[in-house]
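Colleague: Hi, have you got a minute to go through this one with me? I'd like to start with the surface and then work inwards.

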Amino acid sequence: MDFIVCDNLVKRYGKGPSAVHAINGISFSVQSGEFVAVMGESGSGKSTLLSVMGAMNSPSQGQYRVDDIDVYGLSSEQQADFRREYLGFVFQSFHLVPYLTVLENVMLPLTTVKKTKAEKRSMGMEALAWVGMAEKSARLPNEISGGEMERAAIARAIVNQPPILLADEPTGNLDSRNSRVVMDLMQRLNQSGVTVIMVTHSATCAQFAQRILNVQDGRLADGQVEHKQRVLAPQAA
Amino acid sequence: MTIREIALRNLMRRKAKAAFILAGLVIGVATVVAVIGFAETMAHDINTKLEKYGANILIVPRADNLTLSYGGMTLGGVSFDLQPIHEQDLPKIRTIKNAANIAAVGPIVLGAVKINAHPALLAGIDFESAHILKPWWRISGQQPADKELLVGAEAGRILGLSPGDIIKVDNFDLKVSGVLAPTGSQDDQLLFTPLKSAQEVLGRPGEISIVEVAALCHNCPVDAMVAQLSEKLPSAKVMAIQQVVKGRMETLAQFKKFSFGLSVVVVLVGGLVVLVTLMSSVKERTAEIGIFRAVGFRRSHVMRIIFIEAGVISLLAGFLGYLIGLGGIWSGLKLFGHGAVSALHIDPLLGAGAILMALMVGIAAGVYPAAIAARMDPNQALKTL
């Protein structure tokens, strides 16, 4: 059974003839453990698609199912629970809370989870260690580099061990060395069984994916690139 | 990390905004505490002073042609339709609804006697209640026991009496046990003896001429008590001697009403300051709220963060406002209280009320910003970064 199903998703802004279709009838499915890259030009609708898949942007039409759950059939509070349990987000601009330490930022998704402080701390440290940031746990976001911020953001995305990772241009603000580090982390995550959906401009980053979806004018372009065999060592991103 | 920690950390980070909200609420609470506390303290002070004035209700026999000169009673004339008060009527006084407000009951029997050919007025009183009813009395010598006399200052001078003298009144020998220091009242003219002795000497056993009642205390319903006493003692006339007090208390009551009105306005302004500042704070934190929502915070969690912030500041504002308000009362008393500073009345209820009020205003003012924060679309919120 397909793990993620997008069925004729439409996102329309405005009404009548002046309405803009950010995504316009996108349908595809993703298997559990798959690594999918979504590519397209600026304004093609790929980020809107990701926000819809992130249960943060209700589609105007169509259905979005994850693990057989009709995500937009859930109430607002249930959608919040869904995001916490199923999704991890990695954003281009890191989105770390500036007044919380790196560890506290990583522990954010655990705030509303019923676990002891020690358990949450241990999970946070484990996630930070996984991205190689354990020694920076007490720093504030403005005390670390951009690459480290992105790694901290990845740690936050995986701290509650979600089955899906949604990444929006995760290397967009990074140099090639840090991009490579981040992509390696994404690949390791995927190899550990996490389903990764990544929006990217970078063809090099997209090579890490098993499948590439091209979005043009809000629709999936013909000729999805299928990578039957994972590219294990692409050139620097 | 807990939601409470996030809220506290944000407060620490936005110190200026937190201080602004705090100042708005503190000014409101302090003003309310100061004006209400000032009025309360003044009322308390007046009541305390009035309690020291002694009796404020008089019970006298009901008679149309009775003329009075002591406490409104004159004993020169004889009233045939006078219905004296009897000692057995006294316990009824303590059975009225507001009996708890009665501080003392002082029965007095009055009668004219002759001492060394001089006419004098003998008053039989209850010396126990006299301590409350006549706190200004200063006795040189001893308080009289049975068949002993306490002589008023003027009476002692005219009659040439001093402690230790024994005088004959009708068939009774009465010993002067003490002399009253001048009081400037009619008491200076009288001879006092215990009630029983006076009734025996005057040949009026069980009879009472007048009853003094001390009932004025904080919030005593004196008018209601007069009505209750009249009902219990239908053959007596009950009078309240509190016109001046009443006038002043009414002025204070007006001031209190004005204070409450002013307080409502100040609290509303304080609430608006909190509302506007929290709104601006929520707007500033749009992206941050977006992150919270993206990582799985429910709307209720976001609201809780705002409410905790508002609650913490409000609690602090309530406490500080109360302390500053107390300072305001003290200053007000010093400036306008005519030396009533010593009467500064610290009411714990006012303190609890101030903190509760601050909390309610803070939380109420936080409802709209919290709702706005909770309703924020996480996708739109994240785009603000």
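Colleague: What does the accessible surface of chain B come to?

Modeller: About 18200 Å², and carbon and sulfur atoms hold 63% of that. Keep in mind that this is a predicted model.

Colleague: Which residues form a nonpolar patch on the surface?

Modeller: Leu316(B), Phe319(B), Leu320(B), Leu323(B) and Ile324(B) do, and together they have about 440 Å² of accessible area. Ile324(B) sits in helix H10 of chain B, residues 299–336. With a relative accessibility of 49%, Ile324(B) counts as partly exposed.

Colleague: And inside, how much of chain B counts as buried?

Modeller: 50% of its 385 residues. The chain has 12 helices and 12 strands.

Colleague: Let's take helix H6 of chain B. Why is it largely enclosed by the rest of the structure?

Modeller: Because six of its eight residues, in the stretch 195–202, are buried. They are Leu195(B), Ser197(B), Ala198(B), Gln199(B), Val201(B) and Leu202(B).

Colleague: Which strands do those buried residues pack against?

Modeller: Strands E3, E4, E7, E8, E9 and E10 of chain B. Right after H6(B) comes Gly203(B), with a positive phi near 70°.

Colleague: Switching topic: how many salt bridges are there over all chains?

Modeller: The count comes to 23. One of them, in chain B, joins Glu309(B) and Arg285(B), with the closest N and O atoms 2.8 Å apart. Glu309(B) is in helix H10 and Arg285(B) in the loop between helices H8 and H9, so the pair ties together parts 24 residues apart in sequence.

Colleague: Are those two buried or exposed?

Modeller: Buried: Glu309(B) has a relative accessible area of 3%, and Arg285(B) is at 2%. Both belong to a network of salt bridges that also links Arg13(B), Arg14(B), Lys17(B), Glu284(B) and Glu288(B).

Colleague: What does Glu34(A) meet in a salt bridge?

Modeller: The side chain of Arg211(A), at 2.8 Å from N to O. Glu34(A) lies in the loop between strands E2 and E3 of chain A and Arg211(A) in strand E9, so this pair ties together parts that are 177 residues apart in sequence. Glu34(A) and Arg211(A) are both buried.

Colleague: And Arg180(A) with Asp184(A), where do they sit?

Modeller: In helix H6 of chain A, four residues apart, which means a separation of about one helical turn. Their side chains meet in a salt bridge at 3.3 Å, N to O. Arg180(A) is partly exposed at 25% relative accessible area, and Asp184(A) is partly exposed at 31%.

Definitions and conventions: Residues are numbered from 1 along each chain as its sequence is written. Chains are lettered from A and ligands numbered from 1 in the order in which they are written. This is a predicted model: local features need pLDDT of at least 70, side-chain atom pairs count only at pLDDT 80 or more; totals for chains, interfaces and linings use all residues. Side-chain values use heavy atoms; hydrogens and water are left out. Helices (H or I, at least four residues) and strands (E, at least two) are DSSP runs, numbered from the N terminus. Buried means under 20% relative accessible area, exposed over 50%, partly exposed in between (1.4 Å probe, protein chains only). Accessible areas come from the Shrake-Rupley method with a 1.4 Å probe; for residues, only the protein chains shown count as cover. Contact means heavy atoms within 4.5 Å. Patches are made of residues with over 30% relative accessible area and no salt bridge: like charges are joined within 9 Å, nonpolar side chains (Val, Leu, Ile, Met, Phe, Trp, Tyr) within 5 Å. A salt bridge is a side-chain nitrogen of Lys or Arg within 4 Å of a carboxyl oxygen of Asp or Glu.
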